Amino acid sequence: MAITKTENGTYRLRMYIPEEVKSSLGISSKVVEKRFKKRSDARKFEIELLTKISNIFDGGIDIPLESDGNILFSDFYTNIWWEAYKSGQTTSTAKPPTIVTIENTEIIFRKHILPLLGNYSIDFLNNNKQVILNLMTQKSREYANFKTIKSYVISIFDWAEELDYIEYNRIAKTIRRIKAIKKIQLQEEKNDSDLYLSKEELQAWFSAFQQDLEQDKLSLKDYVLFFTTFFLGNRKSESYALQWKHINLENKEISLVQALDRKKGVKNTKGNKKTIFSIPAELTALLHSWKIQQKQELAKFNILQVDEQYVFTYIDSKGNVNSRLHADYLNNKMKTVKRRHPELTHATPHKLRHTGATLARLSGVSIETISEALTHSDTNTTKYYVNTSNIVPMAVGEIAYRNLKN
């Protein structure tokens, strides 16, 4: 009999159950093992169990011991799974989740999963597939990112199995069968034209940014940020993470080696890719002009522009000078330009990425070349970005015909 503290901060009670009292307690195992958030709770349960055993030996009548699986889903999440998840024990990944991922996970549980399943016991849900099928199917009709919910719910029951709260995860296969109905519906309703800008619409955005710059309604920094993100076709977080050491103006090259997370922390690019881009003369000139101006602006605050200096920074809402850009910075600047030019078609930084890929494909650039430029891991992802019908430069019949002529 012992109470020990686990690596994830919970307290584990292991207690030997005499053969003579097992049937009276309603259990079949020789050892009862339970986990608690507090040592005092573990001690309280231990005393209650010892009292039950003593009453049975003295000829008294006692109620069966509650099984581990009767713990509520919400209690299991809070007291058992959460700390294990944060330390990376519930997944097979090499590293524990980042702070940003942990915060997003907490939001998903609080807003979606706990209101849905929190008041049911782990054991009840695990043994009533139809109940969880009905509940989860309804959620799939309401929430587009249903795949994430499925993953977390399965993880909860996998961990319950790992710690012997349930015999095994009976509902994983059932949950995996549920389709992301809301996401599928949104994809079907979306027109290709909603995903990218036409040449005329893109030109209108260029003209609006140019006009606002000339009228001092837009800073040179924001103008250069917009064009850098478009020309590179990169993720905005990668533009935010650019430092001057990543830009070789003489050779007209930019190296994408990092990105910023939502907490403004530096992280690897998606897929840990490191890419060197050749940039056009127009962008090179813009970056050169901005580098000169930024140096002058930083000098006013006695800040020296060094190679490690971030290319795009701002004074944040707390008055911090030279702060890295927050995640929605470029989105907000584009919204501001849109308010001044209501005729513009709605666009976001990510839509610019789709636009560059699609217009390049319409010009006959191969999927493989576009995939490499977008730093995708495979062309299947690129095909989602290229929102147009497949382009065939020459039909097979024409190819055969020309070969005959030759």
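These are my notebook entries on the strands, salt bridges and charged surface patches of a predicted model.

**Entry 1. The N-terminal strands**

I began with strand E1 (residues 2-5) and its partner. E1 and E2 pair in the antiparallel sense, and I counted four bridges between them. Within this pairing, Thr4 stands opposite Arg12 in E2. The two strands form a hairpin with five residues between them. In the turn I noted Gly9, whose phi is positive at about 90°.

I then followed E2 to its other pairing. Strand E3 (residues 31-36) is antiparallel to E2, and six bridges join the two. Here the bridge partner of Leu13 is Lys34 in E3.

Which residues of strand E2 (residues 11-16) form its covered face, and which the uncovered one? I found Tyr11, Leu13 and Met15 on the covered face. Arg12, Arg14 and Tyr16 make up the uncovered face. In a regular strand the side chains alternate between the two faces of the sheet. I therefore read the two sets in E2 as an instance of that rule, Tyr11, Leu13 and Met15 being covered and Arg12, Arg14 and Tyr16 uncovered.

**Entry 2. The sheet of E4, E5 and E8**

I next looked up an open sheet of three strands, which run in the order E4-E5-E8 with antiparallel pairing. Its edge strands are E4 (247-248) and E8 (275-278), each of which pairs on one side only. Between E4 and strand E5 (residues 253-256) I found two bridges, again antiparallel. One residue pair I recorded here is Asn248 with its bridge partner Glu253 in E5.

**Entry 3. Salt bridges**

How many salt bridges does the structure hold? The count is twelve. I examined several of them individually.

Glu83 and Lys86 form a salt bridge whose closest N and O atoms are 3.2 Å apart. Both residues belong to helix H3 (residues 73-86); because they are three residues apart there, about one helical turn separates them. Glu83 is partly exposed at 34% relative accessibility, and Lys86 is also partly exposed, at 29%.

A salt bridge also joins Glu142 to Lys139, at 3.8 Å from N to O. These two residues lie three apart in helix H6 (residues 129-142), so they too are separated by about one helical turn. Is each partner buried or partly exposed? Glu142 is partly exposed, with a relative accessible area of 45%, whereas Lys139 counts as buried at 10%.

I then turned to Arg262 and Asp328, which form a salt bridge with the closest N and O atoms 3.5 Å apart. Arg262 lies in the loop between strand E6 (259-260) and strand E7 (266-267), and Asp328 in the loop between strand E10 (323-324) and helix H14 (329-340). The pair therefore ties together parts that are 66 residues apart in sequence. Arg262 is exposed, with a relative accessible area of 52%, while Asp328 is partly exposed at 31%.

Finally, I recorded that Lys221, Asp222 and Lys333 are linked in a network of salt bridges.

**Entry 4. Charged patches on the surface**

Which residues gather in a patch of positive charge? I found Lys129, Lys173, Arg177 and Lys179. Of these I looked up Arg177, which sits in the loop between helix H8 (172-176) and helix H9 (181-189). Arg177 is exposed, with a relative accessible area of 62%.

Asp158, Glu161, Glu162 and Asp164 form a negative surface patch. I chose Asp164 for a check of its position: it is found in the loop between helix H7 (146-162) and H8. Asp164 counts as exposed at 56% relative accessibility. H8 thus borders both loops I consulted, that of Asp164 and that of Arg177.

**Entry 5. A residue in H3**

My last look-up returned to helix H3, where Ser74 lies. Is Ser74 buried or exposed? Its relative accessibility is 19%, and because the limit for buried is under 20%, Ser74 counts as buried. I also noted a contact between parts of the chain: the C-alpha atoms of Ser74 and Leu117 are separated by 7.5 Å, and the two residues are 43 residues apart along the chain.

Key. Residues are numbered from 1 along each chain as its sequence is written. This is a predicted model: local features need pLDDT of at least 70, side-chain atom pairs count only at pLDDT 80 or more; totals for chains, interfaces and linings use all residues. Side-chain values use heavy atoms; hydrogens and water are left out. Patches are made of residues with over 30% relative accessible area and no salt bridge: like charges are joined within 9 Å, nonpolar side chains (Val, Leu, Ile, Met, Phe, Trp, Tyr) within 5 Å. Accessible areas come from the Shrake-Rupley method with a 1.4 Å probe; for residues, only the protein chains shown count as cover. A salt bridge is a side-chain nitrogen of Lys or Arg within 4 Å of a carboxyl oxygen of Asp or Glu. Lys and Arg count as positive and Asp and Glu as negative; His and the chain ends are not counted. The place of a charge is taken as NZ of Lys, CZ of Arg, CG of Asp or CD of Glu. Buried means under 20% relative accessible area, exposed over 50%, partly exposed in between (1.4 Å probe, protein chains only). Two strands pair if DSSP finds at least two bridges between them.
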